[in-house]
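Dear colleague,

I am passing on the structure we spoke about, with the sequence alongside. Please look through it before reading my notes underneath.

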Amino acid sequence: VFNMVTVPLSCAGAIGKVTAVAGSAGGGYIALVPHGAGLSGTANVPFNANQTVANQFNAGLSGGILDIIIGSNPTDVTIDLFAVVS
């Protein structure tokens, strides 16, 4: 549950937009993966220092949960969730 939105445990996927708002520390990446799956080696959004980058995503869920992996340097992350797939 987040902001009064509950994703049912039975949902298998999520569709939306993820945005990285990077600070001055340097570049990195954001990867969206099913909960507990770990990094697959593919990033949804690579970013550089002082850069704002957005990309659409289709990601699997595990128990209705999506993990956000931020690699290399810290960044703020915004996710706009458009739909969940059962």
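Below I go from the chain as a whole to its sheet and then to a pair of charged side chains.

Please keep in mind throughout that this is a predicted model. The protein chain has 6 strands and 0 helices, so that, read from the N terminus, its elements run β-β-β-β-β-β. Its radius of gyration is 13 Å, which lies close to the 12 Å that the globule rule gives for 86 residues, and the chain is therefore as compact as a globular protein of that length. Measured out along the principal axes, the C-alpha trace spans about 40 × 25 × 20 Å. 

Of the 86 residues in the protein chain, 27% are buried, and the chain exposes about 5,000 Å², of which carbon and sulfur atoms supply 55%. As for how the chain folds back on itself, if one takes the contacts between residues at least 6 apart in sequence, 76% of them join residues at least 24 apart.

The sheet comes next. Three of the strands, in the order S3-S2-S5, form an open sheet with antiparallel pairing. Strand S3 (45–47) and strand S5 (66–72) stand at its edges, and because each has a single partner strand, one side of each is left without a neighbour in the sheet. Neighbouring strands of this sheet are turned against each other by 20 degrees on average, with direction ignored. Strand S2, which covers residues 28–34, pairs with S5 in the antiparallel sense over 7 bridges; to give one position in that pairing, Tyr29 has Gly71 in S5 as its bridge partner. In general, the strands of a sheet pair through backbone hydrogen bonds, either parallel or antiparallel.

Which side chains meet in a salt bridge? The count comes to 1 salt bridge, and the side chains that meet in it are those of Asp80 and Lys17, at 3.7 Å from N to O, which falls inside the cut-off of within 4 Å used for such a pair. This salt bridge links distant parts of the chain, since Asp80 belongs to strand S6 (residues 75–85) and Lys17 to strand S1 (residues 13–22), 63 residues apart.

Are these two residues buried, exposed or partly exposed? Asp80 has a relative accessible area of 31% and is partly exposed, while Lys17, at 34% relative accessibility, also counts as partly exposed; the reason is that partly exposed covers what lies between buried, under 20%, and exposed, over 50%.

With best wishes

Terms used:
Residues numbered from 1 in each chain as written. Predicted model: local features only at pLDDT ≥ 70, side-chain atom pairs only at ≥ 80, totals over all residues. Heavy atoms only, no water. Helix = DSSP H or I, 4+ residues; strand = E, 2+ residues; numbered from the N terminus. Rg over C-alpha atoms; globule rule 2.2 N^0.38 Å. Buried < 20%, exposed > 50% of the residue type's maximum accessible area, 1.4 Å probe, protein only. Contact = heavy atoms within 4.5 Å. Areas by Shrake-Rupley, 256 points an atom, 1.4 Å probe, with all protein chains shown as cover. Pairing = 2+ DSSP bridges. Axes fitted to C-alpha atoms, helices over the stretch in contact; angles between N-to-C directions.
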